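Me: Please take one part of this structure and look at it closely. Then work outwards to whatever else deserves attention, and define your terms as you go.

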Number of protein chains: 2
Amino acid sequence: MPTQRRLANAIRALAMDAVEAANSGHPGMPMGMADAATALFTKHLKFDAADPHWPDRDRFVLSAGHGSMLIYALLHLTGYARPTMEDIKNFRQLGSPCAGHPENFELEGIETTTGPLGQGLAAAVGMAIAERHLNAVYGDELVDHRTFVIAGDGCLMEGINHEAIGLAGHLRLSKLVVMWDDNKITIDGSTDLSRKEDVLARYEAMGWHTIECDGLDSGKVSKAIDEAVADTRPSLIRCKTIIGYGAPNKQGTAATHGAALGADEVAAARKELGWDLPPFEIPDDVAKSWREAGARGSKARAEWQRRLDASGKADEFKHRIAGKLDHGWLAPYLDTLIANPPKVATRKASEMALEAINAAIPATIGGSADLTGSNNTKTKGLEPLTTDNYGGRYIYYGIREFGMAAAMNGMALHGGVLPYGGTFLVFSDYSRAAIRLGALQGAKVVHVMTHDSIGLGEDGPTHQPIEHLQSLRAMPGLMVYRPADAVETAECWAAALANDGPSLLALSRQNLSPLRTRAESENLSAKGAYRLKSAEAPRKVILIATGSEVEIAMGVAANLEKQGIGADVVSMPCTEAFDAQPAGYREELLPDVSNREILRVSIEAGTTFGWERYTGLHGLRIGIDRFGASAPAVDLYEHFGLTAPKITERVLAHLKIRETA
Amino acid sequence: MPTQRRLANAIRALAMDAVEAANSGHPGMPMGMADAATALFTKHLKFDAADPHWPDRDRFVLSAGHGSMLIYALLHLTGYARPTMEDIKNFRQLGSPCAGHPENFELEGIETTTGPLGQGLAAAVGMAIAERHLNAVYGDELVDHRTFVIAGDGCLMEGINHEAIGLAGHLRLSKLVVMWDDNKITIDGSTDLSRKEDVLARYEAMGWHTIECDGLDSGKVSKAIDEAVADTRPSLIRCKTIIGYGAPNKQGTAATHGAALGADEVAAARKELGWDLPPFEIPDDVAKSWREAGARGSKARAEWQRRLDASGKADEFKHRIAGKLDHGWLAPYLDTLIANPPKVATRKASEMALEAINAAIPATIGGSADLTGSNNTKTKGLEPLTTDNYGGRYIYYGIREFGMAAAMNGMALHGGVLPYGGTFLVFSDYSRAAIRLGALQGAKVVHVMTHDSIGLGEDGPTHQPIEHLQSLRAMPGLMVYRPADAVETAECWAAALANDGPSLLALSRQNLSPLRTRAESENLSAKGAYRLKSAEAPRKVILIATGSEVEIAMGVAANLEKQGIGADVVSMPCTEAFDAQPAGYREELLPDVSNREILRVSIEAGTTFGWERYTGLHGLRIGIDRFGASAPAVDLYEHFGLTAPKITERVLAHLKIRETA
């Protein structure tokens, strides 16, 4: 039997070799944490490399994602189908699943994409929440697993750390264990350059249990994990390590953090570690021990499978984990809206839709970053998710937008739950990095962003989104919806629930008139844009609007028609969905003719940046290209020229200019 | 002499009355913290309402900006020229300087715009850094003041709190005092809904001094402030208060947080407080006492002025505080570049420019969020700013992008220093909310954002910006520069230093060939775009590119010319500056003709979203509309089709389609 140290050295060797081959990467962290990771993966982590998707597996998150070779080595050694040694040899090369940072869409066994610091730990908090919730729903027999995290100093210094551990401490997520790679080194050098902090005391202040151990002694780490697991609080294990441990001349310095060690130092490290094999070779005894570790969980998995089969809930549980949703709520709910069209803010319309959704889909877990009453995210009957009731389906996230969004990613990636969470649209700036990481991973979450324009009113420019809609639409993988009334809001919710990845709903604070009063045979909002009103007089103008401005566009169209100028109104709740429509549909809606023939006008209470895509250069773009102001919403719409009379004037002036040009 | 409580009740009355008149706003916080604020403003804060710009005044930051009526009341009562009582009566109405949240561009005496939670405190950390730095430069005689903050639970729960107080604790900013409004209420209800935390223990773990007091007892608050001021660490004073204190039926509940109390409750509160005056009336004795408090500092100010006049540094000091900069560094530096054009990454070119800038402009304070060697932000001779040497001009901000950006805002708003700070462009998502708040305020800072595209290479999609450039350009008030070579980098730095507000430099990791090899009589980059190369054959194509893609565009142009197709190359380092050019200049560069006559092609290694503004709908947009990948940069440029041969092919195909169409 090889020693734990020898097993760990296999990780060290692979990390050195892969970084050397790529001449790029981060050897320091895998080498420093190899012993600790070996303890975790050979003695504690409940997993079965043969079934990476086993729902009751422990989750492992490498929050310090730059140390990606640590997890690639672990997955390879424990017997996952990928990465192969060939994959590892191609570390950081095009086409290799061994990317610079671990990506869950590249390899099974990677629970979440990490790299942007702090977010792995915050997602792990979400995973631990999902576990407790599903445990409350399905019992210990089916759901009873832990979440382990390896985090570095970066993860602990980032602001999101405060939000994430605050949430974990508040919800007393006792099955969450964070192993802190305390190596006293960051990229700039010693942590003393930028930090004087008693990290353990801070975690304790947040309701965490803390332990210290020698992170280079696998046995001591193992004891610490035992202690962590026994505690009823989330645990932080301070693993005292040396970055780049094993590289005799460079270890303990920032030089090992993010660059290849160089041939000489790698040779010296091999000697130091007693590892005399060529690059990318693993001795048989070591390989065998590691594979046995990777199969440790197979018995537990088989037992779990038997319990599931005997539970009488197997089908339901599988559907739940697979994320299958019942979309049957939509049609009857639309019927009630058509029967009795309400004049409500779309944030209220969202709440109304959520009443139907939450009743039909038990997987939803709502929440808000301390704006519950404003975001309208809590429907009747949703109990709070608390330490006394993890089965609750509503989370008071506190004033933690970033932590909320990252936790939602983790919940979605855990599976079995469908999280949505609210804040003001302007505060998407706080959570943006998590919105993006969710988009990259296709994490199925819904960001409910209310108060989506100057329509927010008196709170003023700090709270009024201007560039946010367009800057979020520019993000790959995210679908942004801005519905115009209650019907569109329901349709947008339905579209969001049907998406594979994240969606964002931008919702009004102010009441909006019902515009969609006829039943339709399809979800028009899901097409991204559709003709809400056709020109009556010969068509000279197409008004393209979103959300609260569609009602205004209808007023403009009416004014124009009165003057014999035919105007279509195109409602465009989702530009990304529209862009994905067949060319014929897009051309039919927005014909490719000069603006002299048909003037295209965009109307949105935000930046005009980017609207040239739909108006062309010679179209007219109505919006706000500066910061907002503090006043009642109605005064602001007047002030910024976003009223039907003022826009009509501008359209007429533009038509005149083009005529005389 | 009115009691302190009676002085505080004047604040309470104004807060109630203004919110009542607006029927919107936040009475709870001003009413809860009125006594604490009274203690601070009547006994401790060094200021002179007659000279709001006195450089050695104490800074006061209302981080809990929603309680804006607190500061409006204080400014009015202490005798600032504005707000007048009329202004206060028009609280939250269009045109009133009493906006929903305090805006420093509306009223003197407001040191920074607040509202987005946590950022006021983080900016205050920056102010306290600026104070210590200028103290080191000019001595106690000229610079010796404190920074006081009132913060609420939101400010303490936000992630940025961790970054800000970590920085403050690390730099031992003893002249920073934070008064925490501990009222146990957030919007959603009791803080118990979302927080179980020993806040004081957390602050102590971060190197802070902490004190508790009854926040409703002005005398006790005063004693606590004395104690805070005496300590050598930054101090947190826990002011135990009751939200909406004085409103007998609603106090202590979330109902007082963000809505008018209602006529009945206001009447009841008047009775409770013994305040029997009509709305917006202040008794003479109270008014007099407050005005005396506002003039307390006049003697100190006069003495300071005498010290300044006698110091022999008066002119230099005034220039420094006024932000006057010597731009003389540019011309000789450009000469050296023209004489010997370097092939360097623009991040390196930025470092080279900074060598000249930092030597010429003593006000600069550089830094990086733990990427010093990658951002190239530390020039030779810049000493670290540390507790042992506040005179240093380089800050190791740690892994705290948001905290860095917010602190930079505060430093700039303090005056006397010009901060710049580095991180990777992709991490602008972490600091975006502070970038925006700086843009709103016109805070003169420079965000140095390197690794600005897939050119970052192996670190992969989590680290590769795609939508970032466009989403930052969409932000009002921010100038985004993406230079193409060393000359443009110098020009962009010069433009950034000439701006009134924030600038962001997007810089390459990879080396770029020199493109600007002739001396010019003006700063071409400051115009936003200019013709780098004119068509030789009859012009059929205009290639518009930025940064690292300009070199590629030059290759495409050469290929096209070989085939007899004339092609201009327009380098566009700053779209916002270009948009602000006279129409004639813009038309000359990008003539308004159909793409059939002259095909316009944009080339940028990021999203194509928004480039229709320059190419028109029928132009060609070359970019990346999905997430990146992990591989060496050169492979990624090939993979994503961003090479001269591949783009040439696409341009030729497009020209052919248009010909045959």
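Reply: Buried means under 20% relative accessible area, exposed means over 50%, and partly exposed is in between (1.4 Å probe, protein chains only). The model is predicted: local features need pLDDT of at least 70, side-chain atom pairs count only at pLDDT 80 or more, and totals for chains, interfaces and linings use all residues. Residues are numbered from 1 along each chain as its sequence is written, chains are lettered from A and ligands numbered from 1 in the order in which they are written, and side-chain values use heavy atoms, without hydrogens and water.

The part to look at is strand β18 of chain B, residues 566–571. Helices (H or I, at least four residues) and strands (E, at least two) are DSSP runs, numbered from the N terminus. How much of β18(B) is covered? Of its 6 residues, 6 are buried. In a regular strand the side chains alternate between the two faces of the sheet. Here Gly566(B), Asp568(B) and Val570(B) point one way. Ala567(B), Val569(B) and Ser571(B) point the other way. Both sets are buried.

β18(B) has strand partners. Two strands pair if DSSP finds at least two bridges between them. Strand β16 of chain B, residues 530–533, runs antiparallel to β18(B), with 3 bridges. In that pairing Arg531(B) has Val570(B) as its bridge partner. Strand β17 of chain B, residues 539–545, runs parallel to β18(B), with 6 bridges. There Ala545(B) is matched with Ser571(B).

Now the helix. β17(B), α21(B) and β18(B) form a right-handed β-α-β unit. A crossover is right-handed if, with the strands pointing away from the viewer, the path from the first strand over the helix to the second runs clockwise.

Take Glu561(B), which sits in helix α21 of chain B, residues 548–562. This glutamate counts as buried because its relative accessible area is 13%. Its side chain makes a polar contact of 2.7 Å with the side chain of Lys533(B). A polar contact is a pair of N or O atoms within 3.5 Å; within protein, one must be able to donate a hydrogen and the other to accept it, and residues adjacent in sequence count only if both atoms are side-chain atoms. What else does Glu561(B) touch, leaving aside residues up to four places away in sequence? Besides Lys533(B), the list includes Ser534(B), Glu536(B), Gly566(B) and Ala567(B). Contact here means heavy atoms within 4.5 Å.

Next, the other copy. Chain B lays on chain A with an RMSD of 0.0 Å, by a turn of 180° and a shift of 0.0 Å along the axis. The two copies are therefore related as by a two-fold rotation axis. Both use the same surface: 100% of the contact residues of chain B recur in chain A. Copies are superposed by least squares on the C-alpha atoms of residues with pLDDT of at least 70 in both.

In chain A, helix α21 spans residues 548–562. Its buried residues include Val550(A), Ile552(A), Val556(A), Leu560(A) and Glu561(A). After α21(A) comes Gly564(A), with a positive phi near 80°.

A β-α-β crossover is found elsewhere in chain A too. Strand β6, residues 209–214, and strand β7, residues 235–240, run parallel and are joined by 6 bridges. Asp214(A) stands opposite Lys240(A) in β7(A). The chain crosses between these strands through helix α9, residues 218–230, and the crossover is right-handed.

How many disulfides are there over all chains? The count is 0, with a disulfide taken as a pair of cysteine sulfur atoms within 2.5 Å. For Cys213(A), the nearest cysteine sulfur is that of Cys239(A), 4.3 Å away. Cys213(A) is buried at 10% relative accessibility. Cys98(A) is buried as well, at 0%.

Some backbone details remain. The peptide bond between Arg82(A) and Pro83(A) is cis, with omega about 0°. Pro83(A) lies in the loop between α3 (68–78) and α4 (85–89) of chain A. In chain B, a cis bond likewise runs from Arg82(B) to Pro83(B), omega near 0°.

Arg172(A) is not a glycine, but its phi is positive, about 45°. This arginine is in the loop between α7 (159–170) and β3 (176–182) of chain A. Arg172(A) is partly exposed, at 39% relative accessibility. Asn376(A) also has a positive phi, near 55°. That residue is in the loop between α16 (372–375) and β10 (394–396) of chain A. Asn376(A) is buried, at 10%.
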